[in-house]
Amino acid sequence: MNAPLIELREITKQFPGVRALDRVSFAVREGEVHALLGENGAGKSTLIKILTGAYQPDSGTILWNGQPVRFADTRQSQSLGIVAIYQELSLYPDLTVAENIFMGHQPRTRAGLVNWKAMMERARAILHELDADDLDVTQPVRGLSVGNQQRIEIAKALSQNARVLIMDEPTAALTQHDVERLFEIVRRLRERGVAIIYISHRLEEVFLLADRVTVLRDGQVVGETLEVSKTNQAELIRMMVGRTLDTFFPKGAAKVGDVVLEVRDLTRGRAVRNVSFSLRQGEIVGLAGLIGAGRSELAHVLFGITPADSGQILIDGRPVTIRTPQDAMALGIAYVPEDRKNQGLLTAMSVRENITLAVLRQLLRGVFVNPRAEERMAKEFIGALRIRTSSLEQRVNELSGGNQQKVVVAKWLGCKPRVLILDEPTRGIDVGAKAEIHRLMSELAQQGMAILMISSELPEILGMSDRILVIRQGQVVAEFDRAHATQENVIAAAMGAEEMLVQTA
């Protein structure tokens with residue numbers, strides 16, 4: 001076995017009132033992908049910041065190639081080749097691909113000027129290593145896909161001679177095609193001897209990519225670092241949260257009532273084509289399909305973001321017209337979008353302000369918002385949804401991903417909807433927060449709410465749905481009830497491989 005390239009021994013880091021890391025030991029070898037798992041708040045971010053020199057530990061030792069080192073700042077860490085790529089990409093949109101790759105360390109001429117020719121040549125060479133020759137190094141970054149921007153971030157790391165590459169939730173916003181390209185890049189870097197610390201809430205990625213895995217919980221390493229080939233998802237989940245896998249889909253029995261929402265031959269361009277289905281009181285209907293199949297586009301039509309070209313929407317059996325989100329809200333439809341940060345929240349505002357945002361008119365006293373009513377409503381939802389916040393006035397961007405998602409849900413529950421559309425309700429949140437969102441969904445269904453859930457995670461679709469609709473190329477191509485739905489059948493329908501459908505009695 002290779003000796004560790006970088007090793008942390010008994011690292012402790014404390015903040016006022018919180019011990020973020022408690023005697024954590026962690027080591028990464030050259031040429032390995034080492035998965036780092038844990039719920040939000042487990043200590044992963046603090047560990048990364050110590051590795052990159054942003055924080056200094058209160059106690060413990062950092063070893064580089066077996067020799068003790070101390071990082072006074074991020075420059076010292078980067079000088080050894082330790083580079084982090086965060087979920088929120090840090091590119092300059094109006095600069096070119098090459099300028100972003102070499103930002104802060106551009107090649108220079110003897111006169112000290114930027115050597116543009118050398119920079120372009122080196123940028124092309126690095127992108128060639130990543131099989132990214134399709135990227136034009138003279139093109140501005142603005143307008144490039146998230147997947148291509150991420151390849152630029154990796155190229156930027158390689159331009160700094162990265163020996164340890166930390167990847168924080170790298171696939172959270174990628175299409176399936178971009179995910180596959182990223183996996184290939186990770187494997188190439190491993191073959192080159194780069195040590196990769198891979199952080200993800202998607203456990204299936206750990207088993208596809210990682211060699212070893214370390215789990216943090218409450219600032220401590222749980223058990224020992226494991227060989228990925230010698231563990232399984234159930235064991236890793238138990239290590240992360242101290243609970244077993246069967247607690248993560250708490251689908252309680254709900255009384256299914258009358259049809260609340262029905263759509264007939266709904267069409268919007270080529271994205272949504274002749275879609276028909278119904279949704280009943282107390283029912284959770286899962287909408288499955290590949291990325292780009294038309295799932296979110298259907299939600300946008302139902303909520304009036306992009307009105308239908310043709311077809312009918314019926315509420316309680318009566319045809320209705322939905323041309324705007326205001327129309328949908330007036331009919332009792334609420335929509336929790338896929339991109340909570342850009343579409344669901346005002347992140348610079350407080351928890352209180354976000355929770356009450358959709359119902360401010362109901363909280364008016366004269367021309368001003370009634371502060372007591374607003375505070376009462378915010379407190380009610382913070383308690384009911386178990387939102388972990390230091391106060392009503394804490395800014396939403398300071399919350400964990402799971403608690404941000406709960407704030408978005410609380411905002412729409414304040415409208416007292418009858419139909420709740422959830423688009424990727426647990427994307428980018430840890431497994432414990434996922435279980436709480438699932439618990440909330442089950443409780444809302446038991447209270448009679450009709451829920452349409454869009455999800456790319458098959459276990460979530462299978463675990464939480466009463467019925468499953470599969471959409472492909474804008475059309476609903478299959479429907480399964482809970483008793484007869486299987487991963488094989490859902491995948492086969494989503495991919496258009498109907499001959500592979502497994503017959504179930």
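The largest nonpolar core of this predicted model has 78 residues. Leu 266, Leu 302, Ile 355 and Leu 420 have the most contacts inside this core. A second core, separate from the largest, holds 52 residues. Among its members are Ile 85, Leu 144, Met 167 and Leu 189. In soluble globular proteins, nonpolar side chains tend to be buried together.

Leu 302 shows how the largest core is knit. With neighbours within four places in sequence left aside, Leu 302 is in contact with Leu 261, Val 263, Leu 266, Phe 277 and Ile 313, among others. Its further partners include Ile 322, Ala 328, Ile 333, Ile 421 and Leu 452. Leu 302 belongs to helix α9, which spans residues 295–302. This helix is mostly covered, with 6 of its 8 residues buried. The buried residues of α9 are Arg 295, Ser 296, Leu 298, Ala 299, Val 301 and Leu 302. Gly 304 follows the helix and has a positive phi, near 80 degrees.

Leu 452, one of the contacts of Leu 302, lies in strand β21, residues 450–454. Its relative accessible area is 1%, so Leu 452 counts as buried, the cut-off being under 20%. Residues up to four places away in sequence are again not counted in its contacts. Leu 452 then touches Phe 277, Leu 279, Val 285 and Leu 287, among others. Leu 302, Leu 420, Ile 421 and Leu 422 are also among the residues it touches. Arg 163 is 289 residues from Leu 452 in sequence. The C-alpha atoms of Leu 452 and Arg 163 are 45 Å apart in space.

Strand β22, residues 467–472, is likewise mostly covered. Of its 6 residues, 5 are buried. Two pairings of β22 can be described. Strand β14, residues 284–288, pairs with β22 in the parallel sense over 4 bridges. Within this part of the structure, Ala 288 has Val 470 of β22 as its bridge partner. Strand β23, residues 475–481, runs antiparallel to β22, and 6 bridges join the two. Here Arg 467 stands opposite Asp 481 in β23. β22 and β23 form a hairpin with 2 residues between them. Gln 473 sits in the turn and has a positive phi of about 50 degrees.

A hairpin is also formed by β4 and β5, with 2 residues between the strands. β4 covers residues 59–64 and β5 covers residues 67–69. The two strands run antiparallel and are joined by 3 bridges. Trp 64 stands opposite Gln 67 in β5. β4 also pairs with strand β1, residues 4–15, in the antiparallel sense over 5 bridges. In that pairing, Ile 6 stands opposite Trp 64. Trp 64 thus faces Ile 6 and Gln 67.

The loop between β4 and β5 contains Asn 65. Phi of Asn 65 is near 50 degrees, a positive value in a residue other than glycine. Asn 65 has a relative accessible area of 45% and is therefore partly exposed, as it falls between the cut-offs of 20% and 50%. Lys 416 also has a positive phi, of about 55 degrees, although it is not a glycine. Lys 416 lies in the loop between α14 (401–413) and β20 (419–423). With a relative accessible area of 72%, Lys 416 is exposed.

The second largest pocket holds about 1,100 Å³ of space. Its lining is made up of 38 residues. Glu 204, Ser 456, Glu 457, Leu 458 and Pro 459 lie nearest the centre of the pocket. Several helices contribute two or more residues to this lining. They are α6 (176–191), α7 (203–209), α8 (233–241), α15 (431–446), α16 (458–464) and α17 (487–495). α17 gives the most, with 5 residues. By residue class, the lining divides into 20 nonpolar, 9 polar and 9 charged residues.

Note on methods:
Residues numbered from 1 in each chain as written. Predicted model: local features only at pLDDT ≥ 70, side-chain atom pairs only at ≥ 80, totals over all residues. Heavy atoms only, no water. 1 Å grid on protein atoms, 1.4 Å probe; cavity = no way out; pocket = protein on both sides within 12 Å on 5 of 7 lines; lining within 4 Å. Points joined across faces, edges and corners; volume = space filled by probe spheres on them. Nonpolar A, V, L, I, M, F, W, Y, C, P; charged D, E, K, R; others polar. Buried < 20%, exposed > 50% of the residue type's maximum accessible area, 1.4 Å probe, protein only. Contact = heavy atoms within 4.5 Å. Core = buried A, V, L, I, M, F, W, Y, C linked by side-chain atoms within 4.5 Å. Pairing = 2+ DSSP bridges.
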